[in-house]
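Biologist: Could you walk me through this model step by step? I am new to reading structures, so please take it slowly.

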Amino acid sequence: MALLSPHVSAYVAPQIFIFALFHVPGVISSSSSSLGLHLQPYDFLYYSGVRAYFGGEWVKAAELLEKSLLTKETLFKVRRECHDECESAGTNALHKLALSLQILSCKQSCVTQVATRPGRVSAQEDFLPTQLEHLHIAQFKAGDFTGAVKTLRSLLLFYPTDKDNLDNLQLYSETLEGDKESLSTQPQQEALFLGWCDHLDDDDTMNGTNRVVLDGVMTEKECDTILQLASAAGSVGDGYRGRRSPHTPHETFEGLTVLRAAKLGQEGFVNESDAKLLHELGERARTLLHSYFRSPSGLYVSFTHLVCRSAVAGDQEGRMDLSHPVHVDNCILEPETKLCWREPPAFTHRDLSAVLYLNDNFDGGELFFTNRDAKTVTARVKPSCGRLVGFSSGPVNPHGVTAVTRGKRCALALWFTKEKLYRDMEREEAEALWSGRAWSRRSRSPKVALHREEADAARLQSSNAAEEVSGHRAAGTNSVFCICSEHTGPITKGV
Ligand SMILES: O=C(O)CCC(=O)C(=O)O
Ligand SMILES: [Fe+2]
C-alpha cells in the first residue's frame, strides 16, 4: 500500500521547537510548576522512540512511541490527572467568566506540561498530535496496520477535518477491505478524552489548541455604545468614509482607532466617555487573554481597530468572495507550500490576535479558521455582542471572514505583542490627551524611537538573509526563518 508520502523529513521537521507563547507553569495545579525540568518516564521513551524513528527502525520506534503514550506514568496519564485537578480546583471562583477562564487556563497549562521538554523554556506546540503522527508513520512502516488505523483514529479526534488524515483513513479502508479487525479499531480511550478536552472553548465551536472563545466580555449596553461610536465617527470622517473594503468590492469598510476616537471626542463630535470605553475594551481583552494564555512575559496592545463591514445593497448576487481572505496575522501564508514567511510586510511583531464582536444583526460574516492549505476549515465562530475570540497570531491560525451579504458587521480587532517596543503609541497619545498632558510624536523618548527603527532594520536584515536561503524556500523545506506549524505537514498519498 502506498499510503504515505516520502515527505517524512518535512513531516518530522517540527522537531524544531518553535517559539511558543504558551509556556505556562500551572497556577492551580502545583504539580505543574516543576514542568520541563526533569525527565519524565515518557520523555525517555519518547526520545528513544524518535531516535529509532530517524534511524528507520520502525518496529522499535512504534513500540517506544506507543509506550510513551500509554504505559504507566505516561503522557496521557499525566495529562488526565492534570485535567482532573483543574476541574476540582476551579470551584472557588466567584464569577462564571472567571471560573471558565480559570479552568480553561489550567487545562491549557496541562497541554504545555507534557509538551515542554526538559531544558526547554517553551512548549512544543501540538505535541500530542505530533507524537501520534510519528507513531502512525512508524506503525505503517512497520506493517502494523491495525495499530496504524487506531492511531489515525486517535489523531482525527484532534483534527477531525484534516484532509490528509481522512484520505489516509479512506486508503486504509480500500486497501484493507477484507481485514475487518484492523478496520474496526477504535481510537485510544485516553486520546478520546484528551482530544475533546483540547477544544478549549465550552461549546466545541473551536477546533484545536491556541484558540479560545469567551462570551459575556461586554454588556449589550456597551455594544450599543461602541456601535454608535462607529456610526458617529463614520459620518464625521474616519478616514475611510464610504470607501469600498480593501478586501472586496461588494462591501464598504469603516475603521476607527483609539486615537482618532479620542480626537473626535476632544472636538466634540463623539462622547468622550465612548472613546474612553473603546480604549478600555482593549485593556479588558488584554487582561483576559493574558490571564487565559498565561504568557510569562508582558503583553502589550499593539493595535486596536474598530472595523465595520457593510454589504453594498444590490451588489450581493452570487458572491464567491470573502469579506476577509484567509491570512495569518504575523506572517505571509503560502498555501501551496504550507509555509508562512515571518518577514515584512507582515506584522511580524504580533503574538496574539483577538476580535471582540459587537453585533449579530447581519448575514454572513463568520470568522473561520483553516489548515495551512487555506481551504480546509477547522473551526467557525459566529459573531455576537460581547464574544471575544483570542488566538495566537502565528501560522497555526490561518483565518478569514465569510462575505457579509446583508447589514453591517462591527468588531473590535486587537493585536498584542510581547515586545514593548511595538506597543501601540497611539494609545499613549490618547491617554495623554485625556490627562491634559502635552504629547507629540517627538516627545516619545528618542531612545525608544531609535530602538524601534533598529528593530525594524534588524528585521529587514534577517528577511534579506531569508532571501539568501531562497533555495530552501524553493525546495519547500523548513528554514530557520519560517515558523513551523504546530499542525505537522504533509501526509499525502504516495505514488
Ligand atoms: O473580523 C474578524 O473576525 C477577523 C478580522 C481579521 O482577521 C483581521 O483583521 O486580521
Ligand atoms: Fe486576521
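Modeller: Gladly, and let us begin with a term: two strands pair if DSSP finds at least two bridges between them. Please keep in mind throughout that this is a predicted model.

Biologist: Okay, so which strands form the six-stranded open sheet, and in what order?

Modeller: The order across that open sheet is 1-11-7-14-3-2, and the pairing is antiparallel. Its edge strands are strand 1 and strand 2 (251-256), each of which pairs on one side only. On average, neighbouring strands of this sheet are turned by 20 degrees against each other, direction ignored.

Biologist: What holds strands of a sheet together in general?

Modeller: Strands of a sheet pair through backbone hydrogen bonds, and they do so either parallel or antiparallel.

Biologist: How many bridges link strand 3 and strand 14?

Modeller: Strand 3 and strand 14 pair over 10 bridges, in the antiparallel sense. If you want a place to look, find arginine 309, which stands opposite arginine 409 in strand 14.

Biologist: And at the edge, what does strand 1 pair with?

Modeller: Strand 1 pairs with strand 11 (residues 388-392) over four bridges, again in the antiparallel sense. There, arginine 211 has phenylalanine 391 of strand 11 as its bridge partner. The side chains of strand 1 (residues 211-214) alternate, with Arg211 and Val213 pointing one way and Val212 and Leu214 the other way, and all of them are buried.

Biologist: Switching topic: what coordinates the iron ion?

Modeller: The iron ion, which is ligand 2, is coordinated by His327 through NE2, Asp329 through OD and His399 through NE2, at 2.1 to 2.2 Å. Along the sequence these donor residues follow the spacing H-x1-D-x69-H. Histidine 327 lies in strand 4 and histidine 399 in strand 12, so the pair ties together parts that are 72 residues apart in sequence.

Biologist: Is histidine 399 buried or exposed?

Modeller: Histidine 399 counts as buried because its relative accessibility is 5%, and the cut-off for buried is under 20%.

Biologist: Which sheet do strand 4 and strand 12 belong to?

Modeller: They belong to an open sheet of four strands in the order 4-12-9-10, with antiparallel pairing. Strand 4 (322-327) and strand 10 (377-381) are its edge strands, each pairing on one side only. Neighbouring strands here are turned by 25 degrees against each other on average, direction ignored.

Biologist: How do strand 9 and strand 12 pair?

Modeller: Strand 9 (residues 367-370) and strand 12 (residues 399-402) pair in the antiparallel sense over three bridges. In that pairing, leucine 367 stands opposite valine 401 in strand 12.

Biologist: Which residues surround ligand 1?

Modeller: The residues around ligand 1 include the three iron donors we met, His327, Asp329 and His399. Also among them are Leu367 and Val401, together with Arg309 and Arg409.

Biologist: How far are the polar side-chain atoms of histidine 327, aspartate 329 and histidine 399 from an oxygen atom of ligand 1?

Modeller: For histidine 327 the distance is 3.0 Å, for aspartate 329 it is 3.3 Å, and for histidine 399 it is 2.9 Å. Taken alone, ligand 1 exposes 300 Å², and the protein buries 91% of that. The elements that give two or more residues to the shell around ligand 1 are strand 4, strand 7 (352-357), strand 12 and strand 14 (408-417).

Biologist: Now back to strand 3: what does the side chain of threonine 304 contact?

Modeller: Threonine 304 lies in strand 3 (residues 300-311), and its side chain makes a polar contact of 3.2 Å with the side chain of arginine 427. Threonine 304 counts as buried because its relative accessibility is 1%.

Biologist: Where does arginine 427 sit, then?

Modeller: Arginine 427 is one of the buried residues of helix 14 (residues 425-435), and others among them are Met425, Glu429 and Trp434. Aspartate 424 caps the N-terminal end of helix 14, with a side-chain oxygen 3.0 Å from the backbone nitrogen of glutamate 426.

Biologist: And what follows helix 14?

Modeller: Helix 14 is followed by glycine 436, whose phi is positive, near 80 degrees.

Conventions. Residues numbered from 1 in each chain as written. Chains lettered and ligands numbered in written order. Predicted model: local features only at pLDDT ≥ 70, side-chain atom pairs only at ≥ 80, totals over all residues. Heavy atoms only, no water. Axes fitted to C-alpha atoms, helices over the stretch in contact; angles between N-to-C directions. Donors = N, O, S within 2.8 Å, 3.2 Å for Na, K, Ca; no water. Buried < 20%, exposed > 50% of the residue type's maximum accessible area, 1.4 Å probe, protein only. Near = heavy atom within 4 Å. Polar contact = N/O pair within 3.5 Å; in protein donor to acceptor, adjacent residues only side chain to side chain. Areas by Shrake-Rupley, 256 points an atom, 1.4 Å probe, with all protein chains shown as cover.
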